[in-house]
Amino acid sequence: MTWYNEASAHFLAGVSITIGDRLFSRNAARYTEQRVKDKLAEVEALEYIANNSVESNSSEERFCDSVMKARDYFTRNGISSEPKTQSFYARVKDTVESYKEDERINNLSWRGKLTAAFGLEFLGDIGVVASSLLTGKGDGVVAFGETFYQAPSLWAGFQVGRGLVYAKDVITRSRDEKDLDKMAKELTADGKLLEIIRNYSPTAKIEITPEVIEANVCADGTDIKSDSEAKPVNNYGEKIADAVESVGNTFSSAVDALRKRRQSRIQAEKDARDKERADLRSKYDKY
C-alpha cells in the first residue's frame with residue numbers, strides 16, 4: 001500500500017473514531033432528555049455559586065451540592081476542577097471515571113488529539129514489533145518510521161470528525177440545550193468560577209482549637225498536633241464576590257424562563273399523548 005493510501009486510511013479511521021466516540025457517550029441523541037436535565041442542573045449550580053457566598057446567608061449545604069454539580073460540568077468538558085494539589089493517582093482515577101460517560105477524544109484540545117494520535121500509532125507499532133519477534137511477520141523499524149505520517153493523518157481525522165459532530169449539534173440540538181450551553185459558557189468564560197470550585201473546601205470553616213485537638217485523635221491513634229494557633233484562611237468568599245461583580249443576577253431569570261418553557265413543552269407533549277390515547281379509546285368504545 002502506498003504512503004498516501006495509508007495516510008487516507010488513517011484519516012478515515014480518525015473520523016470514524018470521533019463519530020464512535022460520540023455514539024457511545026452521554027452526548028448521543030438517545031440521551032437527549034437526560035442530558036438536557038443534567039445541563040439545567042449544572043447551569044443552576046453555576047448560577048448559584050456566582051450569586052452566593054458561603055460567608056453570607058446562603059445555604060452551605062446547597063453551596064456544596066452546587067460545587068459538586070459544577071465539577072460535573074467542567075469534567076464533562078475535559079477540564080479538571082479538582083484542587084491543584086490533587087495527587088497524580090486521584091487525577092488518573094477521575095479521568096478514568098469521566099471516560100465512562102463522556103467523550104474521550106472529542107473533548108481533547110488539538111494538542112491532546114495529537115498526543116492521542118501518536119499514542120495510538122505507537123501502540124500499534126509495539127504490536128508489530130511483538131509480531132515480528134514472535135512470528136517473524138512485520139517490520140518494527142518500518143512501522144515506527146511510518147508513524148510520522150500516519151499519526152498526523154489520524155489527528156487530521158480527529159479534527160475533521162469533531163467538526164462534523166459539532167456541525168450536527170448546531171443543526172439537530174434543541175433550543176433548550178443550545179441556550180443552556182450558551183449560559184454555561186458565559187458563566188465560566190472568565191475562569192473565576194473554576195478557580196472558586198478548585199479552592200472550595202467543605203471543611204474550610206471548621207476551626208481547630210486546643211479543645212478540639214485534645215478531644216480528637218487521628219484514625220491511626222496518633223494525637224492531632226498543632227504548632228500554631230492561626231486559623232485556616234479561606235479566601236474563596238472574596239473570589240465569589242469578584243465573580244458576582246462580573247456575573248450578577250443576569251442568569252437567574254434566564255434559567256427560570258428556560259425551566260418554565262421546558263416544563264410547558266413536556267406538559268404539552270403529555271397532554272397530546274393523553275388526547276391521542278383518549279381518541280383511540282373512544283373509537284373502540286363505538287364497537
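**Note on an all-helical predicted model**

1. Leaving aside the neighbours of Q150 within four places in sequence, this residue is in contact with E6, H10 and E121. The model under discussion is a predicted one, and Q150 is a convenient place to enter it. Q150 is found in helix 6 and is buried, with a relative accessible area of 7%. Computed along the sequence, Q150 and F118 are 32 residues apart, whereas in space their C-alpha atoms are 8.5 Å apart.

2. Two of the residues that Q150 touches, E6 and H10, are also listed among the buried residues of helix 1, together with A7, G14, V15, T18, G20, D21 and R22. The length of helix 1 (residues 3-23) can be checked against expectation: at 1.5 Å a residue, its 21 residues should span 30 Å, and the C-alpha atoms at its ends are indeed 30 Å apart, which agrees.

3. As for the overall architecture, the protein has eleven helices and zero strands, so that every element in the order from the N terminus on is an α element. Of its 287 residues, 30% count as buried, and the protein exposes about 18,100 Å², of which carbon and sulfur atoms supply 58%. Among the contacts with a separation of 6 or more, 79% are accounted for by residues 24 or more positions apart.

4. Which residues of the largest nonpolar core touch the most other members? In this core of 23 residues they are V43, L46, I49, L180 and L193. Helix 2 (32-51), helix 3 (60-76), helix 7 (175-188), helix 8 and helix 11 (250-285) each supply at least two residues of the core, and the largest share, seven residues, comes from helix 2. A second, separate core of five residues includes I105, A116, A117 and L154. As general background, nonpolar side chains in soluble globular proteins tend to be buried together.

5. Helix 8 (residues 192-199) deserves a separate remark, with L193, L194, I196 and I197 buried. Seen down the axis of helix 8, its buried residues fall within an arc of 160°, and they therefore line one face of the helix. One of them, L193, has already been named among the core residues that touch the most other members.

6. A search of the whole structure finds six aromatic pairs. Y73 and F74 form one that is edge-to-face, with 5.3 Å from centre to centre and 70° between the planes, and both of these residues are buried. W110 and W155 form another edge-to-face pair, with 6.5 Å from centre to centre and 70° between the planes. Since W110 lies in helix 5 (residues 110-134) and W155 in helix 6 (residues 140-172), this pair ties together parts that are 45 residues apart in sequence.

7. Are the two tryptophans, W110 and W155, buried or exposed? Neither description fits, as W110 is partly exposed, with a relative accessible area of 43%, and W155 is partly exposed as well, with a relative accessible area of 24%. In addition to the pairs described above, F118, F122, F144 and F148 form one aromatic cluster, and F118 is the residue whose C-alpha atom lies 8.5 Å from that of Q150.

8. A last point concerns G163, which lies in helix 6 and counts as partly exposed at 38% relative accessibility. The C-alpha atoms of G163 and N106 are separated by 9.4 Å, although the two residues are 57 residues apart along the chain. Helix 6 thus offers the reader both a buried residue, Q150, and a partly exposed one, G163.

Conventions: Residues numbered from 1 in each chain as written. Predicted model: local features only at pLDDT ≥ 70, side-chain atom pairs only at ≥ 80, totals over all residues. Heavy atoms only, no water. Helix = DSSP H or I, 4+ residues; strand = E, 2+ residues; numbered from the N terminus. Buried < 20%, exposed > 50% of the residue type's maximum accessible area, 1.4 Å probe, protein only. Contact = heavy atoms within 4.5 Å. Areas by Shrake-Rupley, 256 points an atom, 1.4 Å probe, with all protein chains shown as cover. Arc of directions from axis to C-beta. Expected span 1.5 Å × (residues − 1). Phe/Tyr/Trp six-rings, centres within 6.5 Å; stacked < 30°, edge-to-face > 60°. Core = buried A, V, L, I, M, F, W, Y, C linked by side-chain atoms within 4.5 Å.
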